[in-house]
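Trainee: I would like a close look at one part of this model: how its opening stretch packs against what follows. Please take it contact by contact.

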Amino acid sequence: MTGVWVVLGATVGAPVRYLVERQFRRRLGTAFPWGTLAVNVVASALLGLLIGGHAGAVVVALLGTGLCGALSTYSAFAWETMMVADRHGRVRAGAYIALSLLAGGLAAALGYALGYALGYALG
């Protein structure tokens, strides 16, 4: 049954990722992969929130593995880093890597802290 929850979450996460990236590209262009950065940061925050709040196995499967797994992707991050390096140089690609890691890590930590606080307050 866990697999079903993962698939259901992924069916929402993948199209949301596509639509968000498309909107960012349309509005800001392709010089920097803002869409992938945004979905990766949001997924990191949500995953932190779930783990910090000690969400149950079904919720983690649905929202963590399914939704967050489909919403964020390391392969797009890696490919877009190479494209930024190729088109705009290594400095901009390095900035994208640093920004992605810092923002994703900070979002996960803040999500975790919020989840922990809410779990503590509600539990």
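Mentor: Contact here means heavy atoms within 4.5 Å. Keep that cut-off in mind for every pair below. The model is predicted.

First, the setting. The protein has 5 helices and 0 strands. Its elements run α-α-α-α-α from the N terminus on. The C-alpha trace spans about 50 × 30 × 20 Å along its principal axes. Of the 123 residues, 29% are buried. Take the contacts with a separation of 6 or more: 73% of them join residues 24 or more positions apart.

Now the start of the chain. Met1 sits in the segment before α1, and α1 itself covers 2-28. Met1 has a relative accessible area of 70%, so this residue is exposed. Its C-alpha is separated by 16 Å from that of Leu67, which lies 66 residues away along the chain.

On to the packing of α1. Two packed helices are described by the angle between their axes and the distance between the axes. Start with α3, residues 57-71. The axes of α1 and α3 are 6 Å apart, at an angle of about 35°. Their crossing is right-handed. The α1 side of this contact is formed by Thr2, Trp5, Val6, Leu8, Gly9, Ala10, Val12, Gly13, Ala14, Val16 and Arg17. Facing them in α3 are Val58, Ala61, Leu62, Thr65, Gly66, Leu67, Ala70 and Leu71. Leu67 is thus a contact residue of α3, and it is also buried.

The next partner of α1 is α2, residues 34-52. Here the axes come within 7 Å and cross at roughly 140°. That angle makes α1 oblique to α2, because only angles over 145 degrees count as roughly antiparallel. The crossing is right-handed. From α1, the residues in contact are Arg17, Val20, Glu21, Phe24 and Leu28. They meet Trp34, Gly35, Thr36, Ala38 and Val39 in α2. Arg17 appears in this contact and also in the one with α3.

Glu21 deserves a pause. This residue lies in helix α1. Its relative accessible area is 8%, so Glu21 counts as buried; the cut-off is under 20%. Leaving out residues up to four places away in sequence, Glu21 touches Gly35, Thr36, Val39 and Glu80. Three of these names, Gly35, Thr36 and Val39, belong to the α2 side of the helix contact. Glu80 comes from α4 and is buried there.

Next, close the triangle with α2 and α3. Their axes come within 9 Å and cross at roughly 165°. The two helices are therefore roughly antiparallel to each other. This crossing is left-handed. The contact pairs Val39, Val42, Ala43, Leu46, Leu47 and Leu50 of α2 with Val59, Leu63, Gly64, Leu67, Cys68 and Leu71 of α3. Note Val39: it meets α3 here and takes part in the α1 contact too. Leu67 and Leu71 of α3 face α2 as well as α1.

The burial in α3 fits in here. Its buried residues are Ala61, Gly64, Gly66, Leu67, Cys68, Ala70 and Leu71. These pack against α1 and α2.

One residue of α2 leads onward. Asn40 is in helix α2. With a relative accessible area of 17%, Asn40 is buried. Outside the residues up to four places away in sequence, Asn40 touches Ser72, Thr73 and Phe77. Phe77 is one of the buried residues of α4.

So finish with α4, residues 74-88. This helix has 15 residues and reaches 20 Å from first C-alpha to last, close to the 21 Å expected. Ala76, Phe77, Glu80, Thr81 and Val84 are its buried residues. They lie on the same side of α4 because they cover an arc of only 135° around the axis. The face turned away from that buried side carries the exposed residues Ser75, Trp79, Met82 and Asp86. Just after α4, Gly89 takes a positive phi of about 100°.

Key. Residues numbered from 1 in each chain as written. Predicted model: local features only at pLDDT ≥ 70, side-chain atom pairs only at ≥ 80, totals over all residues. Heavy atoms only, no water. Helix = DSSP H or I, 4+ residues; strand = E, 2+ residues; numbered from the N terminus. Buried < 20%, exposed > 50% of the residue type's maximum accessible area, 1.4 Å probe, protein only. Expected span 1.5 Å × (residues − 1). Arc of directions from axis to C-beta. Axes fitted to C-alpha atoms, helices over the stretch in contact; angles between N-to-C directions. Parallel < 35°, antiparallel > 145°, perpendicular 65-115°, else oblique. Left-handed = near helix turned anticlockwise from the far one by under 90°.
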